[in-house]
Amino acid sequence: MSKIWMAVFAAGILLLSGCSGDQTEIDETDHSNNEQQPEEVAQEQNESEFIYPLTGISAEAEVNGRAVAVMINNHPLARQQSGLHEADIVYELLAEGEVTRFLAIYQSQKPAQIGPIRSARDYYIELAKGYDSLYVAHGNSPDAKKLLDSGYIDSLNGLYYDGTLFNRVSFRKAPHNSYISFENIEKGAQEQGYDMNNAPSPLVYLNEEEIEQLDGDEAANVEVSYFSRETFNSVYEYDAVQEKYKRYSNGELTADYETDSPVLLDNIFIVETEHQIVDNAGRRNIDLMSGGRAYLLQKGTLREVNWENIDGKILPVADGEQVGLIPGKTWINVIPTSVGLEDSVSYGS
């Protein structure tokens, strides 16, 4: 698979040098004053555009800005969440029992409000570290506390900023009512002296020709079950008009609390790995290093690949080569091998 070209022609650099630093998406549908064919336009964009590193979506200027990884609550009393639809990448993993939590990674967008925020676990910290993220949580397990207290990752913890950077909303009860604004994330980072300028390295993306050649089993409807508990299942339905997947939990569309904007996904990556219960509270160790089997959903199709930990990131690999993503948003489900892909995942037309 090929990477989207990151080099910019010298003439393009001179043209953009006087532009503002705002990083907004290009509306690729507006070609009213362009007599070139769409294929030619797309080819020129692939060769010359700036892109957001975690989505592959075009930007008008050079992309800067550190990734921010936020622990988001997925308890039924925390739904609908705020800001989840603007995350570039979301990891969904088990916390204690059969309850999943989200690690939402932001770089291309900055939601006004994010939450509800929940407490840290060590394996979520490891995933955030893979993107050199600023890590945001409210509370922590003992193992996570050791990592946070050691300075292993730059972080903002609501335990120390409750009522200042983090706010409690009135329409939900604790522990499902902690929220933070992106403005306060940036304020907290500045107070702590964290460098927020460096963007993460770009992922591998497919070009238009490679996207057209995608093949696999038909997978317009996909369900990922965690121990067959419907409350924490993930259902994905492919919208052929938008060419994106919508996500549901327990029959409810995953959408933004404030705006009702749905989470729309271009890549869904389902990986199986070893899980081990390590204490009486049901906390887990999750193996994020060894690699293994995985399913990759793109454009209504599913194919079996492998996953590898590459520089701290869980990424798809086939035949020893990294598999490209479709430019857009990505959701990664991590499931236990004790249940496995065949028993956890069902799909069809």
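The following three exercises, each with a worked solution, concern a predicted model.

**Exercise 1. The surroundings of Lys329**

Determine where Lys329 lies, which residues it contacts, and which polar partners its side chain has.

Solution.

Step 1. Locate the residue. Lys329 belongs to the loop between strand 23 (321-322) and strand 24 (330-336).

Step 2. List the contacts. With neighbours within four places in sequence set aside, the residues in contact with Lys329 are His85, Glu86, Ala87, Asp88, Gln109, Leu264, Leu265, Asp266 and Asn267.

Step 3. Test for a salt bridge. Lys329 is buried, and the nearest side chain of opposite charge, that of Asp88, is 4.1 Å away. A salt bridge requires a side-chain nitrogen of Lys or Arg within 4 Å of a carboxyl oxygen of Asp or Glu. Lys329 therefore has no salt bridge.

Step 4. Identify the polar partners. The side chains of Lys329 and Gln109 are joined by a polar contact of 2.9 Å. In addition, a polar atom of the Lys329 side chain lies 3.3 Å from the backbone oxygen of Ala87.

**Exercise 2. Strand 13 and its partners**

Establish how strand 13 is paired with strand 12 and strand 14, and decide whether strand 13 is largely enclosed or open.

Solution.

Step 1. Consider strand 12. Strand 12 (residues 221-224) runs antiparallel to strand 13, and four bridges join them. In this pairing, Asn221 stands opposite Glu237 of strand 13.

Step 2. Consider strand 14. Five bridges connect strand 13 with strand 14 (residues 244-249), again in the antiparallel sense. Here Asp239 faces Lys244 of strand 14.

Step 3. Examine the connection. Strand 13 and strand 14 form a hairpin, with four residues between them. Within the turn, Glu243 has a positive phi of about 55 degrees.

Step 4. Assess burial. Of the six residues of strand 13 (residues 234-239), five are buried, so the strand is largely enclosed by the rest of the structure.

**Exercise 3. The placement of Gln81**

Decide whether Gln81 is buried or exposed, and describe what surrounds it.

Solution.

Step 1. Locate the residue. Gln81 is situated in the loop between strand 3 (68-72) and strand 4 (89-94).

Step 2. Apply the cut-off. Buried means under 20% relative accessible area. Gln81 counts as buried because its relative accessibility is 3%.

Step 3. Review the neighbours. Beyond residues up to four places away in sequence, Gln81 touches Ile72, Asn73, Asn74, Phe102, Gly115, Pro116, Ala255, Asp256 and Tyr257. Of these, Pro116 is 35 residues apart from Gln81 in sequence, with a C-alpha to C-alpha distance of 6.4 Å.

Step 4. Find the polar partner. The Gln81 side chain reaches the backbone oxygen of Asn73 at 3.0 Å.

How values were computed:
Residues numbered from 1 in each chain as written. Predicted model: local features only at pLDDT ≥ 70, side-chain atom pairs only at ≥ 80, totals over all residues. Heavy atoms only, no water. Helix = DSSP H or I, 4+ residues; strand = E, 2+ residues; numbered from the N terminus. Buried < 20%, exposed > 50% of the residue type's maximum accessible area, 1.4 Å probe, protein only. Lys, Arg positive; Asp, Glu negative; His and termini not counted. Polar contact = N/O pair within 3.5 Å; in protein donor to acceptor, adjacent residues only side chain to side chain. Contact = heavy atoms within 4.5 Å. Pairing = 2+ DSSP bridges.
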